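Trainee: Could you take me through one part of this fold up close? I'd like to see how a single strand sits among its neighbours, and then look around a bit from there.

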Amino acid sequence: MAWYKENVLWKIEKAFAAGYDPALELAKNAIKKPADTAESSPAESLDWDLEGPWTQHLRREEQDLIDRIIQGREVGHYFILLGPKGTGKTTMILDAMQAVQAEGVAMCDAHPDLEVFRLRLGKALNYEYNEDTQTGLFQRRDPREGGPALDIERALNKLEKVALNHAKKTGKPLILVLNNVHYFNHDDDGRNMLLQFQQRAEAWAASGILTMVFSSDDFWPFFVMRKNASRMHVVSVYDLSAKDALTAAMRMRLNARQKKESPELLKEVVDIVGGRLTYLGKVTKAQDMVGHAKHMLAVEKAWLLSQVGLIPDCDDDVMDEQKWSSCSWLLLREFVRKHQQEMQRKQEAVARGEAKEENLNDIELPRISYYECRQIMTRPDFMDELDRKNIIAIDINHDVTPDSWLILHAAEEVVGEDGFDDLLDSVRDRVDEIESLHRTRELTFKDVDAGDRIRLTVDKGGARVV
């Protein structure tokens, strides 16, 4: 039994050895596409890896901090990476891991089912939860009867021993990355799992033996962890600026071995999809970039309407859905108005000669504070669901923005349609009407003949005949 316990620790140490991490192996073994045989100009003949990470050619400012974290040079803290889906959080982590061959680093993806997450964590740590020994046959109780939380706690106990030995030998902490923690269910089990890891992260950061890195697309994990955080640092990852997005689009286009396009066409594409890296990666691989960008916008608009589309004269069965949709459009309409006001302000400044025309490209997504959004929507409980559906994004300053430029442009098209304001008002009036009907009670009198009189009395501290 003593040998088995030593072997368990040795296997976990192996999980942090250089070149072991399964997530890094998957990222390194991406399938390569054959190079396009189309003619290319000398500027396009650079020997670029077709499917290599975008940071080979465009290094984000956050990458330096991520590199230091993964290299074990940021001691005494743990980190959470916050940003909308597709901004490059996981890519930056994988690039930093590849630079050190994942030495001293393990990475695990979260999952809504904690039993599945238990297995994923075991794979990342090379830990079998005592399922690879025959001694379990003679135990009075199955170790898994306590649920995944207890198994994960056992794994973290073993990991702590390995981290202590590693810190004594190397003087550096181990790194454990929990990716996409927003996949945990936003219920008691999911929040308890986050708290379980956060407690370990606080203790390990204080002792300097292990640094944990959480990443999330949604805001709620940060909101949950913020209450108990004393050593947590937040790294916000946003879309690229217009200037950086143009540079990235040009390099991605060349990297995809597509024909060279004019800066004006690239600017038109960036104006549609914005600086979201996943969108730029898709559109730059298309033959017709503008057509593909417009197609992406049409798909985003159709998806948005499928989620929060308005139904006039709706039935009471869908009242709750229309309440959610109408409140969502109140917020989206305000985003559109703020964007239009900012555009008009910039254009007037250019007309007066106070700003250059290039400044029109520097407009950011409109921001509204969280508490103002609650007032606009009149329902604070809808914010988390909008964030989960990637319709809005919330940052650490509690500012709310549309999730992407595609969402904003789709909302602009809908809000700009004739009669939208009347439609929104009619849906809200219909919801109020249904709610008032639900609050109305009917009194039915039977066996009343012609000429009979009915007297009702309302007693509010005195009698009044109605």
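Mentor: Start with Phe79, which stands opposite Val213 in E4. This is a predicted model, by the way, so keep that in mind as we go. The pair belongs to the place where E1 and E4 run parallel, joined by four bridges. Now look at the other neighbour of E4: here E3 pairs with E4, again in the parallel sense, over five bridges. In that pairing, Leu178 has Phe214 of E4 opposite it.

So is E4 buried or exposed? Seven of its seven residues are buried, so E4 is largely enclosed by the rest of the structure. "Buried" here means under 20% relative accessible area. In a regular strand, side chains alternate between the two faces of the sheet. You can check both faces of E4: Leu210, Met212, Phe214 and Ser216 are buried on one side, and Thr211, Val213 and Ser215 are buried on the other.

Now zoom out to the whole sheet. It is an open sheet of five strands with parallel pairing, and the order is E2-E3-E4-E1-E5. Its edges are strand E2 (105-109) and strand E5 (232-236), each of which pairs on one side only. Neighbouring strands in this sheet are turned by 20° against each other on average, direction ignored. Out at the E2 edge, five bridges join E2 to strand E3 (residues 174-179), and the two run parallel. Asp109 stands opposite Asn179 of E3 there.

Helices come into the picture too. Helix H3 (residues 63-70) packs on the sheet and touches strand E1 (78-82), E2, E3, strand E4 (210-216) and E5. The direction of H3 makes about 125° with that of E3. Helix H4 (residues 89-99) lies across E1, E2, E3 and E4, and runs at about 155° to E2.

While we're here, take a look at helix H7 (residues 188-207), where you'll find Arg200. With a relative accessible area of 10%, Arg200 is buried. Which residues does Arg200 touch, not counting those up to four places away in sequence? They are Glu153, Leu156, Asn157 and Glu160. Take Leu156: it is 44 residues from Arg200 in sequence, but the two C-alpha atoms are 8.1 Å apart in space.

For a contrast, hop over to Glu264 in helix H10 (residues 263-273). Glu264 is exposed, with a relative accessible area of 60%. Its C-alpha atom is separated by 9.9 Å from that of Leu246, which is 18 residues away along the chain.

There's another sheet to compare with the one we began with. This one is an open sheet of three strands in the order E6-E8-E7, and its pairing is antiparallel. Strand E6 (368-369) and strand E7 (392-394) stand at its edges with a single partner strand each, so one side of each has no neighbour in the sheet. E7 pairs with strand E8 (residues 399-402) over three bridges, in the antiparallel sense. Within that pairing, the partner of Ala393 is Thr401 in E8.

Follow the chain out of E8 and you reach Asp403, in the loop between E8 and helix H16 (405-415). Asp403 sits in a loop, yet Asp403 is buried, at 6% relative accessible area. Leaving aside neighbours within four places in sequence, Asp403 is in contact with Pro84, Arg276, Asn390, Ile391, Ile392 and Ala393. You've just met Ala393, as the bridge partner of Thr401.

Another buried charged-type name to find is Arg333, in helix H13 (residues 319-351). Arg333 counts as buried because its relative accessibility is 14%, and the cut-off is under 20%. Beyond its neighbours within four places in sequence, Arg333 is in contact with Val415, Phe420, Asp421 and Leu424.

Let's finish on the surface. Leu443, Phe445, Val448, Ile454 and Leu456 form a nonpolar patch there, with about 470 Å² of accessible area together. One of them, Ile454, lies in the loop between helix H17 (420-438) and strand E9 (457-459). Ile454 is partly exposed, with a relative accessible area of 46%. Set that beside E4, where seven of the seven residues are buried, and you have an inside view and a surface view to turn over on your screen.

Notes
Residues are numbered from 1 along each chain as its sequence is written. This is a predicted model: local features need pLDDT of at least 70, side-chain atom pairs count only at pLDDT 80 or more; totals for chains, interfaces and linings use all residues. Side-chain values use heavy atoms; hydrogens and water are left out. Patches are made of residues with over 30% relative accessible area and no salt bridge: like charges are joined within 9 Å, nonpolar side chains (Val, Leu, Ile, Met, Phe, Trp, Tyr) within 5 Å. Accessible areas come from the Shrake-Rupley method with a 1.4 Å probe; for residues, only the protein chains shown count as cover. A salt bridge is a side-chain nitrogen of Lys or Arg within 4 Å of a carboxyl oxygen of Asp or Glu. Buried means under 20% relative accessible area, exposed over 50%, partly exposed in between (1.4 Å probe, protein chains only). Two strands pair if DSSP finds at least two bridges between them. Axes are lines fitted to C-alpha atoms, for helices over the stretch in contact, and angles run from 0 to 180 degrees between N-to-C directions. Contact means heavy atoms within 4.5 Å.
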